[in-house]
Amino acid sequence: MSKTGIRAYDAARYLKDEADCAGYLRAVMEDDGVTEKEIASALGDIARARGMVRVAREAGVSREALYRALSDEGNPTLGTILKVTRALGLRLTVSEKGPEGISV
């Protein structure tokens, strides 16, 4: 905490249950301009909220590798992303964009 008593925003503090986590990841991914790094960062927030050690164990990767993959400098493979989403109890799905870019 800084001297002013203001903490940096940490999304992981607000992800209390699976519905919060799914809604957060869905909101990130609905942005047409979303980047791979933003998706990885959101997964990192969710993994920290759910317990990085537990998520790493359930995904079958080391804790260090998971931190590295989901860091700002990370570049996780699709396989890692799928393992992590499964370990988090989430599923990636595909839907069509409507005529105005709205998912249907």
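In which helix does Ala40 lie? Ala40 lies in helix H2, and the legends below describe close-up views of a predicted model.

**Figure 1. Surroundings of Ala40 in helix H2.** Ala40 is buried, and its relative accessible area is 1%. When neighbours within four places in sequence are left aside, Ala40 is in contact with Ala69, Leu70 and Pro76. Leu90 is 50 residues from Ala40 along the chain, and the C-alpha atoms of these two residues are separated by 14 Å.

**Figure 2. Packing of helix H1 against helix H2.** H1 spans residues 18-29 and H2 spans residues 36-50. The axes of the two helices come within 9 Å and cross at roughly 170°. An angle over 145 degrees counts as roughly antiparallel, and H1 and H2 are therefore roughly antiparallel to each other. On the H1 side the contact is made by Glu18, Cys21, Tyr24, Leu25, Val28 and Met29. H2 contributes Glu38, Ile39, Ala42, Leu43, Asp45, Ile46 and Arg50. Sorted by class, the residues of this contact are nine nonpolar, no polar and four charged.

**Figure 3. Ala42 and Asp45, two residues of H2 in the contact with H1.** Ala42 is buried at 1% relative accessibility. Not counting residues up to four places away in sequence, Ala42 touches Tyr24, Leu25 and Val28. These three residues are also listed among the H1 residues that contact H2. The C-alpha atoms of Ala42 and Arg86 are separated by 15 Å, with the two residues 44 residues apart along the chain. Asp45 also counts as buried, at 11% relative accessibility. With neighbours within four places in sequence left aside, Asp45 is in contact with Ala11, Ala12, Leu15 and Tyr24. Tyr24 thus appears in the contacts of Ala42 and in those of Asp45.

**Figure 4. Crossing of helices H2 and H3.** The axes of H2 and H3 come within 6 Å and cross at roughly 110°. Angles of 65 to 115 degrees count as roughly perpendicular, and H2 and H3 are therefore roughly perpendicular to each other. Gly44, Ala47, Arg48 and Arg50 of H2 meet Met52, Arg54 and Val55 of H3. The contact of H2 with H3 comprises three nonpolar, one polar and three charged residues. Arg50 of H2 takes part here and is also listed in the contact with H1.

**Figure 5. The buried side of helix H3.** H3 covers residues 52-59, and its residues Met52, Val55, Ala56 and Ala59 are buried. Their arc around the axis is only 100°, which puts them on the same side of H3. An α-helix has 3.6 residues a turn, so residues three or four places apart point the same way. The buried residues of H3 pack against H2, helix H4 (63-69) and helix H5 (78-87). Met52 and Val55 are also among the H3 residues that meet H2. Gly60 follows H3 and has a positive phi, near 75°.

**Figure 6. The two sides of helix H5.** Thr80, Ile81, Val84, Thr85 and Ala87 are the buried residues of H5. They cover an arc of only 160° around the axis, which puts them on the same side of H5. Leu78 and Arg86, on the other side of H5, are exposed. The packing partners of the buried H5 residues are H2, H3 and H4. Just after H5, Gly89 takes a positive phi of about 75°.

**Figure 7. Surroundings of Thr85 in helix H5.** Thr85 is buried, with a relative accessible area of 2%. Leaving out its neighbours within four places in sequence, Thr85 is in contact with Leu43, Leu90 and Leu92. Leu43 is also one of the H2 residues in the contact with H1.

**Figure 8. The aromatic pair of Tyr9 and Tyr14.** The structure holds one aromatic pair. A pair of aromatic rings is described by the distance of the centres and the angle of the planes. The rings of Tyr9 and Tyr14 lie 5.5 Å centre to centre with 10° between the planes, and the pair is stacked. Tyr9 is exposed, with a relative accessible area of 66%, while Tyr14 counts as partly exposed at 46% relative accessibility.

Definitions and conventions: Residues numbered from 1 in each chain as written. Predicted model: local features only at pLDDT ≥ 70, side-chain atom pairs only at ≥ 80, totals over all residues. Heavy atoms only, no water. Axes fitted to C-alpha atoms, helices over the stretch in contact; angles between N-to-C directions. Helix = DSSP H or I, 4+ residues; strand = E, 2+ residues; numbered from the N terminus. Parallel < 35°, antiparallel > 145°, perpendicular 65-115°, else oblique. Contact = heavy atoms within 4.5 Å. Nonpolar A, V, L, I, M, F, W, Y, C, P; charged D, E, K, R; others polar. Buried < 20%, exposed > 50% of the residue type's maximum accessible area, 1.4 Å probe, protein only. Arc of directions from axis to C-beta. Phe/Tyr/Trp six-rings, centres within 6.5 Å; stacked < 30°, edge-to-face > 60°.
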